[in-house]
Amino acid sequence: MENKIVYQIYPKSFNDSRGRGEGDIQGIIQRLDYLALLGVDVLWLTPVFRSPHVDNGYDVSDYYHVDPRFGTDADLQALIDQARLRGMDIMLDMVFNHSSTEHPWFQKALQGDVDFMNRYIFVDNPVNWQSKFGGSAFEYVKELDKYYLHLFDKTQADLNWENPIVFDEFVKICRYWLDKGVRGFRFDVINLISKPDVFEDDHQGDGRRLYTDGPNVSQYLRKLGAKSFALVDDVMTVGELSSTSIEKASQYSKKSESGLSTVFNFHHLKVDYKDGNKWALKPFDFLELKHLYADWQKGMIENDASMSLFLNNHDQPRAISRFTNESFEGATMLASMIFTLKGVVYIYQGEEIGLPNAYFDSIRDYQDIESLNYYKILLKDHSEKEVLKILQERSRDNGRTPIPWNDDIHYGFSNAEPWLGFSKAKTLWTVEDALADKESIFYFYKNLIAIRKSDPILIDGDIEFIDLDHPNLFIYTRADQYLCIHNFYDKVVDYELKEDYHDVVINNYSDFKIKKDLKLRPYESVVLKKVI
Ligand code: GLC
């Protein structure tokens, strides 16, 4: 699995075929040749199922049908088939921790039907846990005189995995989509599915330490696999893990068990959170970033588990803005790092053309529920200017702006006003610009994909980290064959080569030459190979 490259599509912002201002499945089909040219293997679509879209599809009301805003079930089948013709598989996003409160099950639960209430988590007495999107994680239902748990928005009710009816339904859903030819699943916040037997107030935090990585997560995943995805060849699965540990993450993705192929953890994307608080800004801590990578890489390898390599997704600000000066060199340095670490590589739409943060300057520009909730919460102890600055850096909408395809109206994304504005960054490279320039970020990615596929050492080779406390450079070797050096800063840094390297495998400055005393320029990245 680690030789496969996954490309994440956020359909709403990818390409609109119908002139509605929102991307759709036919829009993806129109761009399949572009994705095939890039050379990716698996297309992960964030949820396209029926949903009221309070949380952009992570609030599913029907797991068996495509939401009309994205097209029809036949469109999804066509996408599966058309992608396959080009050598690519489709991975669907399964949101099984919770459903939308508009799901028929929850609607029946609200009418007091006990069979359906038991499929969710209703309690008489709420505890003090906080929702990830702000406010209490429990919502009162007057008619029932009970509260239900929602770890996310109040329209996303947590499902009860202890109930066999719920579990069997998940098996059925996975099988249904496997039968349609889907060959991958991403499981949303999957380490939150096993809740504690007894709910208690959390006097030290927001409750996450009490409900994360619950007792039965591994067992549920193994059972789900044994009845669905593990029965079909070549299905790639990835679990999204919230606030987890190396030990737990490797348990869920152990190769020797029929768990998941790989998992996402997010510790490396919190290195710019002040005191662990997403809404408090600080410059990113480079040493922490490197140590986290080193610990996770080593730990996961030792435990025979596989890690996901990514810096962007639909919940994150753009890495090019977060870690670099938004230059070609910055974008390609980050990409070289991702492609030479050990694990499964993920590219998030727009990353391959260097799409930066949104730079929205008014709250009216934002659509994301989390951002809108936190706007209100943060205004309690910050000025509006401060809050807008925080959102500019932290809002999930930074990663959700539409793709600028060309210089036509609405950048060729749609004929209509898009649902979310384009990035307001000073320079916005379009896909057309990227394709016209052989030296573009796009071709750098294409080349990285080819390089990674050309040598199994980059997939399986051991990884050794060197001088982790170097203030500017991230340095490591793969199987004692490749030396990877990435300058994370906007300044020139000296580095002395201690061994002989003969081949330049990756470089993001075209005039780079191997010599003993290297001078790495701003965001310069080189991967050198010994010739034996
Ligand atoms: C995951 C998704 C995110 C969503 C949340 C709740 O973290 O990536 O977009 O809001 O789960 O489903």
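Select D368 and R400 in this predicted model. The two form a salt bridge, with 3.6 Å between the closest N and O atoms. D368 sits in the loop between β17 (344-348) and α13, and R400 in the loop between α14 (384-394) and α15 (431-436), so the pair ties together parts that are 32 residues apart in sequence. Buried or exposed: what is D368? With a relative accessibility of 2%, D368 counts as buried. R400, at 2% relative accessibility, counts as buried as well.

Keep that pair on screen and add D55, K278, D315, E370 and R396. Together with D368 and R400, these residues are linked in a network of salt bridges.

**The largest pocket**

K278 and E370 lead to the next stop. Both are among the residues closest to the centre of the largest pocket, along with K132, R208 and K270. The lining of this pocket comprises 34 residues, and its volume is about 820 Å³. Colour the lining by residue class: eleven residues are nonpolar, twelve polar and eleven charged.

Next, select β15 (277-281) and α13 (369-379). Each of these elements supplies at least two residues of the lining.

Where does the largest pocket lie with respect to domain 1 and domain 2? Colour domain 1 as 5-99 + 164-358 + 403-453 and domain 2 as 105-149. Both domains give residues to the lining, so the pocket lies between them.

**The hairpin at β14 and β15**

Stay with β15 and add β14 (273-274). The two strands run antiparallel and are joined by two bridges. K274 has N277 in β15 as its bridge partner. The strands form a hairpin with two residues between them. In the turn, select D275, which has a positive phi of about 50 degrees.

Now select D272, in the loop between β13 (262-264) and β14. D272 forms a salt bridge with R322, and the closest N and O atoms are 2.8 Å apart. R322 belongs to helix α11 (residues 319-323), and the pair links distant parts of the chain, 50 residues apart. D272 and R322 are both buried.

**From α11 to E326**

Move from α11 to E326, in the loop between α11 and α12 (328-340). E326 has a positive phi of about 65 degrees although it is not a glycine. Its relative accessible area is 25%, so E326 is partly exposed.

A second residue to select for its backbone is D234, in the loop between α8 (217-227) and β12 (236-240). D234 is not a glycine, yet has a positive phi of about 60 degrees. At 53% relative accessibility, D234 counts as exposed.

**Strand β5 and its partners**

Select strand β5 (residues 89-94), where six of six residues are buried. Turn the strand to view each face. D89, M91 and D93 are on one side, I90, L92 and M94 on the other, and all are buried.

Which strands pair with β5? Strand β2 (residues 42-45) pairs with β5 in the parallel sense over four bridges. V42 has D89 in β5 as its bridge partner. Strand β11 (residues 184-187) also pairs with β5 in the parallel sense, over four bridges. In β11, R186 stands opposite D93.

**The sheet in domain 2**

Go back to domain 2 (105-149) and select β7, β9 and β8. These three strands form an open sheet in the order β7-β9-β8, with antiparallel pairing. The edge strands are β7 (122-123) and β8 (138-141), each of which pairs on one side only. Between β8 and strand β9 (residues 146-149), four bridges make up the antiparallel pairing. To see one of the positions in detail, select Y140 and its bridge partner in β9, Y147.

**A last salt bridge**

The structure holds 37 salt bridges. For the final stop, select D480 and K530, whose side chains meet in a salt bridge of 3.4 Å, N to O. D480 is in the loop between β19 (473-478) and β20 (482-487), while K530 is in the segment after β24 (525-529). The pair links distant parts of the chain, 50 residues apart. How do D480 and K530 stand in accessibility? D480 counts as partly exposed at 44% relative accessibility, whereas K530 is buried, with a relative accessible area of 13%.

Conventions:
Residues are numbered from 1 along each chain as its sequence is written. This is a predicted model: local features need pLDDT of at least 70, side-chain atom pairs count only at pLDDT 80 or more; totals for chains, interfaces and linings use all residues. Side-chain values use heavy atoms; hydrogens and water are left out. Two strands pair if DSSP finds at least two bridges between them. On a 1 Å grid over the protein atoms alone, a cavity is a set of points where a 1.4 Å probe fits but cannot get out, and a pocket is an open set with protein on both sides within 12 Å along at least five of seven lines; lining residues have an atom within 4 Å of a point. Grid points are joined across faces, edges and corners, and a volume is the space filled by probe spheres set on the points. Ala, Val, Leu, Ile, Met, Phe, Trp, Tyr, Cys and Pro count as nonpolar, Asp, Glu, Lys and Arg as charged, and the others, Gly among them, as polar. Domain bounds come from an automatic or database domain assignment. A salt bridge is a side-chain nitrogen of Lys or Arg within 4 Å of a carboxyl oxygen of Asp or Glu. Buried means under 20% relative accessible area, exposed over 50%, partly exposed in between (1.4 Å probe, protein chains only).
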